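Me: I would like to know how the terms used for a structure are justified. Please take them one at a time.

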Amino acid sequence: MARNWVLDVPTDDAYRIGRILFDVQHDRAEEARFFADPAAYLASADISEGARKALAETDIGALYLLGANPYLLRAYCLQLRVPEAKYLAALRAVEGQAHG
Amino acid sequence: MAEIAGVFAVSHTPIMSNMPDAPGVSRRDAAFAQFERVGAEIDSLAPDAVLLISNDHLHNFYLDNLPAFCIGIASSYISPVEGWLKVPKQTLPGDPLLGAHLLREVIEAGFDPALSMELVLDHGTLTPLDRAGIAGRHPLVPILVNAVQPPMPTMQRSVALGGALRAAIQSYKGADRVVVLATGGLSHDVGTPRMGQLNAEFDRQFLRHLEAGGLDVAAQYARAHVNSAGNGAEEVRNWLVAQGIAAGAPFETYFYEGMAEWYTGIALGRWRLP
């Protein structure tokens, strides 16, 4: 059955990933710090290794499966200038895992 | 005591402002004409204030503190919060006294909304007002429903809040006429594997249930089927709040078309109040 969400309630990973996506979208200082050196930004972030790897590799499917809010994930990928076709392909590759 | 002079609902999407021509000129104009119709009808009712039922798209709120419902009680609201939205940044007037009254009254009625005096409203508020040609024309009380991050208030709870808001508006002595504009949905997905797909059957059936009147069936239908209509369709909660404010009066659909180029099922209409 189709479902709108990966998680019914956010997990710690979902929260911490989303915090980064939210801050990079809304806080100009955080945005500048992130884009100045994404690897350094993520290396110092208080997140799980799985979340760090997914963010470092912009593994959109993994971020989705970890429960990143789709509104924030979409905005983040637009900031990173990920083409829509690539974004959708990454999500559709994990759709079965995400929604059964 | 204030009269509920009109209750309207319209879809919203940032894409109709950023890529208006995507559906082609004739379909664009047909949709925009209906937004302008709603704007003209609201103006003709000469409201003292507009209660705007919408949702924040994770700009004002995040998981540090995420209200199920939030009532704005500020004297003004800057909008849009999104720098990328192709609508000029502006300051919309608020109605803090009406907002405060509604807040107090719905709390007395058993609801527990958050309040905010610092909302920077996003496209979910501004684009319908802009397209309707009424942005900034009437003082607003924004009511934001969590429709973007589970767990969310139930569809039925949204109708019930509308019922409490109805009584609260009608007990307000500071205005003569209040108009309600709900905005959101219908079917669409944002950021999910289904993004770009619509569910016209969901949209049409939801509208049919509203058109039939009553307080329960549209909410029951939405609860049962929203997962087939996309995460953006969770915004039908905003419509259901308005349905509660309209006390289940029959809805008249002015327009419906699945506008895949705008990524959204676009509907507009008005509850036919007795």
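Reply: The turns below go through contacts, burial and strand pairing. This is a predicted model, in which local features need pLDDT of at least 70, side-chain atom pairs count only at pLDDT 80 or more, and totals for chains, interfaces and linings use all residues. Residues are numbered from 1 along each chain as its sequence is written, while chains are lettered from A and ligands numbered from 1 in the order in which they are written.

Me: What makes residues of chain A and chain B count as in contact?

Reply: Two residues are in contact if their C-beta atoms, placed from the backbone, lie within 7 Å. By that rule, 23 residues of chain A are in contact with 20 residues of chain B. The largest share of the side of chain A that touches chain B, five residues, comes from H6(A); helices (H or I, at least four residues) and strands (E, at least two) are DSSP runs, numbered from the N terminus.

Me: Why is strand E7 of chain B called mostly covered?

Reply: A residue is buried if 20 or more other C-beta atoms lie within 10 Å of its own, exposed if 12 or fewer, and partly exposed in between. Six of the six residues of E7(B), residues 140-145, are buried, so the strand is called mostly covered.

Me: How do you know that E2 and E7 of chain B pair?

Reply: Two strands pair if DSSP finds at least two bridges between them. E2(B) and E7(B) have five bridges, in the parallel sense, so they pair. In E7(B), B:Pro142 is the bridge partner of B:Leu52.
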